[in-house]
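Subject: Structure handover

Hi,

Here is the structure I promised to pass on. Have a look at it first, and my notes follow underneath.

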Amino acid sequence: MLVDGHIDLLAGLAKKEDRLGVIGYPDFPMGSETYNMMKHSEDDRITTSYATLNGKKIGVLDSAIVQALRKFLDEHKIDAEIVVFPDHESLLLAFAWHRVDTMVAESDGSYEREDTTLLYVFGASDYYLCVSKNRPDLLAKLSSAQEQMMADEPNFINSLKIKYDAVNRKLSDAEKAWLAGRDTLRVGYLNHYLPYSDTDAKGAATGLVRDLVPRILEELGILRLDVSYTGYDSYDDMIIDMNFGKIDVAFPVGGGLFYQGV
């Protein structure tokens, strides 16, 4: 319909060579997608080791992802069968019925699925709000609007992803292994930082940290893990103790690049 001019705009298209001559791409992408390899949660045969894909069937949507998947398999010398599906519904049904061992999903379609576990990300691409070739005027206005939006709010797209992306609540194999060796989650928090965190007159943690940590564990289905709390008057002392393994979690932590690097 876009090529024939029956619609003027179509969102979410990757840039491909065979499309450049028949549809119009603006100067800036509208977002980006990662390509995620997903497995059945109960399937222990497949792990984050690439070699475990040998001999397996991988389901993928008939799209730009197929090329990225083939490149990934070639680079890692994985001998797996690619099964291409014409639409999301048939792909998801085949996965649900175990007709394929794994499936590839774009990041937006990888979350909130109870029967899947994310193995790893193996590729990514930008996607665009494309315009019919019959509307060069609209394409020019779109590019101009995007340019203005980027100038006014450079983090606009990232802010939307943070706002609307869901979180995969299935634990990875590495996370399960980490939990298997522990019976207590050691949480460090800042004193004198209400309503986020503080220590009350009885020496117990108080504030949001006391409510959030148990709720997070509950949402993740981690019910047999005790929680211990340690209050800190110094932010730097808390970060140092986390780096030396004296605590497992620090709250709250700022988003500064210095602390992210630590």
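Which residue is the bridge partner of methionine 38 in β6? It is methionine 103. Before I go on, keep in mind that this is a predicted model.

**Around β3**

Methionine 38 also has a partner in another strand: leucine 118 in β7 stands opposite methionine 38. Both pairings belong to strand β3, which covers residues 31-40. With β7 (residues 116-132), β3 shares 10 bridges, and the two run antiparallel. With β6 (residues 102-106), β3 shares 5 bridges, again antiparallel. As for burial, 8 of the 10 residues of β3 are buried, so the strand is largely enclosed by the rest of the structure.

Threonine 102 is a good residue to click on next. This threonine is found in β6, and its relative accessible area is 0%, so it counts as buried. Leaving aside residues up to four places away in sequence, the contacts of threonine 102 include Met37, Met38 and Lys39. Also among them are Ile46, Leu53, Lys57, Ile58, Gly59 and Phe95.

**The parallel sheet**

Elsewhere, 3 strands make up an open sheet in the order β11-β8-β12, with parallel pairing. β11 and β12 (249-251) are the edge strands, each pairing on one side only. On average, neighbouring strands of this sheet are turned by 25° against each other, ignoring direction. Between β8 (residues 184-190) and β12 there are 3 bridges, and valine 187 stands opposite valine 249 in β12.

**Salt bridges**

A search of the whole structure turns up 6 salt bridges. I went through some of them.

- Aspartate 8 and arginine 135 meet through their side chains at 3.5 Å, N to O. Aspartate 8 lies in the segment before β1 (9-14) and arginine 135 in the loop between β7 and α3 (136-152), so this pair ties together parts that are 127 residues apart in sequence. Aspartate 8 is partly exposed at 33% relative accessible area, and arginine 135 is partly exposed too, at 27%.
- Arginine 45 pairs with aspartate 101, and their closest N and O atoms are 3.2 Å apart. Arginine 45 sits in the loop between β3 and β4 (57-61) and aspartate 101 in the loop between α2 (88-96) and β6, so the parts they tie together are 56 residues apart in sequence. Aspartate 101 is buried, with a relative accessible area of 17%.
- Glutamate 219 and arginine 215 form a salt bridge at 3.1 Å, N to O. They are 4 residues apart in helix α6, so about one helical turn separates them. Glutamate 219 is partly exposed, at 34% relative accessible area.

There is also a network: salt bridges with shared partners join Asp8, Arg135 and Asp137.

**A nonpolar patch**

Finally, the surface. Tyr193, Tyr196, Leu208, Leu212, Ile216 and Leu220 make a nonpolar surface patch of about 500 Å². One of these, leucine 220, is found in the loop between α6 (208-219) and β11 (226-232). Is leucine 220 buried or partly exposed? Its relative accessible area is 31%, so leucine 220 counts as partly exposed.

That's what I have for now.

Cheers

Conventions: Residues numbered from 1 in each chain as written. Predicted model: local features only at pLDDT ≥ 70, side-chain atom pairs only at ≥ 80, totals over all residues. Heavy atoms only, no water. Buried < 20%, exposed > 50% of the residue type's maximum accessible area, 1.4 Å probe, protein only. Pairing = 2+ DSSP bridges. Contact = heavy atoms within 4.5 Å. Patch = residues over 30% accessible without salt bridge, like charges linked within 9 Å, V, L, I, M, F, W, Y side chains within 5 Å. Areas by Shrake-Rupley, 256 points an atom, 1.4 Å probe, with all protein chains shown as cover. Salt bridge = Lys/Arg side-chain N within 4 Å of Asp/Glu carboxyl O. Axes fitted to C-alpha atoms, helices over the stretch in contact; angles between N-to-C directions.
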